[in-house]
Amino acid sequence: MQINELVIAENIEEQAWQALEKSILYYQGRPVGTLAAYDPSVEALNYDQCFIRDFVSSALIFLLKGKPEIVRNFLEETLKLQPKERALDAYKPGRGLIPASFKVVSINGEEYLEADFGEHAIARVTPVDSCLWWILLLRAYVVSTKDYSLADRPEFQTGIRLIMEICLANRFDMYPTLLVPDGACMIDRRLGIYGHPLEIQVLFYAALRAARELLICDGNQDVFAAIDNRLPLLCAHIRQHYWIDINRLNAIYRFKSEEYGKGAVNLFNIYVDSIPYYELDKWLPRKGGYLAGNVGPSQLDTRFFSLGNLMAIISDLATEEQSQAIMTLIEERWEDLVGDMPMKICFPALEHEEYRIVTGCDPKNIPWSYHNAGSWPVLMWMLAAAAVKTHKTGLVRKAIEIAQTRLVEDEWPEYYDGKKGRLIGKQARKYQTWSIAGFLLAKELIANPSSLKLVSFDELSPEAVSRACEFEISSVDPYLSH
Ligand code: GLC
């Protein structure tokens, strides 16, 4: 890099830090989180709250820059918001949940924290991902500070245990994945991701791994047994049934349907006509592949969702081969997935009748906007982390450099619209905190690859996974058995 480019880059980072510091939320004099956005030009709605999922990006950069205090305060305060008793009223949050967001309210001069578990949120969506991100952040805090004593404290052990109980509870469905309603994660509006969306499954997997590390042995044998039982099955299920590449597409293309019983190859009874073969045939590179957005009864959502795919690489849920293939796909389909602003939340957009039916005519989610294939700068850090993990940082470094000038000029928008991400999001906030933190974090990950350890995991015992595969795979599946 030239000297003047270096000065510009440093200046941008400094501006980003100043903006990030402005967003810090104080409670009883202590920093406890960051606001979703600090944009005085538009009505705040709930963007003046601290969202759990949004704060993760800020928290990771604070940890990496030697500022763990705000993260510890956040973990302590949000833990207090977690319901510890069974809800007697069905409209109240269940035991173990972590809220979507919280804010500081002042009553008679005294400050309180008020949580939102979705009961105030638009469409009353439930934040399933919050409790999963919370465990991941606690683990990142422990890895970064080596302060095991925080996680060992009885109230933290109870908190983790309650989250495990809600995730591993007896339930109706028959898959190792988690069944959730639409809008239960970053995409918190209706977008046809109810059922078993990839994002939740990947976070679930990573949270199980983190909980396994953080829970102490005493009195947790039942939870350990449940986690050890679930992890390999979940891992094998995702690796097999969500995977799409040209070989797999060929196998699905020739699937028979209405198969009954143990010998079924088309386990989920996917109807061949529901898959956009001709687009995928053109779009899939020879070597690339990715994890599908959702798998369920007669359902294979072939949209590419970035958070799920990138976190699958980072958390080691995808195999080494699959991780490389996902990065190859991103490289080969750069214009579609990254364009001018890393990176698209999903691809392609739902259009026409499909848009109307699946989103319920949501004007915020028109094609190539917001959740419906808009570009979200926060995803930049996950792209950087996945690139570090797969040793492919070159391209990503360049993309971040290209994006950074625009981000500053455009005042850190929440998201961009358009097929290449060149339009500032129609209803995007400015000074969106996770856009700022996501950029800083991406820079830090590329500059110091060892930072990856805060969010990554080692390989899960291969024996356990292959045992799970044997259990799962039908021996007659022509694709999976070779
Ligand atoms: C939007 C996003 C959600 C985010 C929130 C606050 O609702 O969809 O993921 O947490 O804004 O930034």
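**Exercise 1.** How many residues has helix α17 (residues 433-447), and what span does it reach from its first C-alpha to its last?

*Solution.* The model examined here is a predicted one. Begin with the length: helix α17 has 15 residues, and from its first C-alpha to its last it reaches 21 Å. Next, set this beside the expectation of 1.5 Å a residue, which gives 21 Å, so that the span found is close to the expected one. Finally, look at the surroundings of the helix: 14 of the 15 residues of α17 are buried, and α17 is therefore largely enclosed by the rest of the structure.

**Exercise 2.** Decide whether Asn372 is buried or exposed, and find what surrounds it.

*Solution.* First place the residue: Asn372 is in the loop between α14 (352-359) and α15 (379-389). Then apply the cut-off, by which a residue is buried when its relative accessible area is under 20%; because the value for Asn372 is 0%, Asn372 counts as buried. Lastly, list its contacts, leaving aside neighbours within four places in sequence: among them are Leu191, Cys346, Tyr355 and Pro367.

**Exercise 3.** Describe the largest nonpolar core, and name the helix that gives the most to it.

*Solution.* Start with the core as a whole, which has 171 residues, and in which Leu75, Trp134, Ile330 and Trp381 have the most contacts. The helix that gives the most to this core is α4 (residues 128-145), with 13 residues. Now take one of the core residues by itself: not counting residues up to four places away in sequence, Ile330 touches Phe304, Leu310, Leu337, Val338, Met343 and Leu383. As a general background, nonpolar side chains tend to be buried together in soluble globular proteins.

**Exercise 4.** Characterise the largest pocket by its volume and its lining.

*Solution.* The volume of the largest pocket is about 880 Å³. Of the 29 residues that line the largest pocket, Pro276, Thr302, Arg303, Pro348 and Glu354 are the closest to its centre. Turning to the elements, β8 (299-305) gives the most to this lining, with six residues. Sorted by class, the lining of the largest pocket has 15 nonpolar, six polar and eight charged residues.

**Exercise 5.** Which residues lie nearest the centre of the largest cavity?

*Solution.* A search of the whole structure finds six cavities of 30 Å³ or more, and the largest cavity has a volume of about 120 Å³. Its lining is made up of 13 residues, and those nearest the centre are His241, Arg248, Phe255, Phe268 and Ile270. By class, the lining of the largest cavity has nine nonpolar, two polar and two charged residues.

Key
Residues are numbered from 1 along each chain as its sequence is written. This is a predicted model: local features need pLDDT of at least 70, side-chain atom pairs count only at pLDDT 80 or more; totals for chains, interfaces and linings use all residues. Side-chain values use heavy atoms; hydrogens and water are left out. Helices (H or I, at least four residues) and strands (E, at least two) are DSSP runs, numbered from the N terminus. Buried means under 20% relative accessible area, exposed over 50%, partly exposed in between (1.4 Å probe, protein chains only). Contact means heavy atoms within 4.5 Å. A nonpolar core is a set of buried Ala, Val, Leu, Ile, Met, Phe, Trp, Tyr and Cys residues joined through side-chain atoms within 4.5 Å. On a 1 Å grid over the protein atoms alone, a cavity is a set of points where a 1.4 Å probe fits but cannot get out, and a pocket is an open set with protein on both sides within 12 Å along at least five of seven lines; lining residues have an atom within 4 Å of a point. Grid points are joined across faces, edges and corners, and a volume is the space filled by probe spheres set on the points. Ala, Val, Leu, Ile, Met, Phe, Trp, Tyr, Cys and Pro count as nonpolar, Asp, Glu, Lys and Arg as charged, and the others, Gly among them, as polar.
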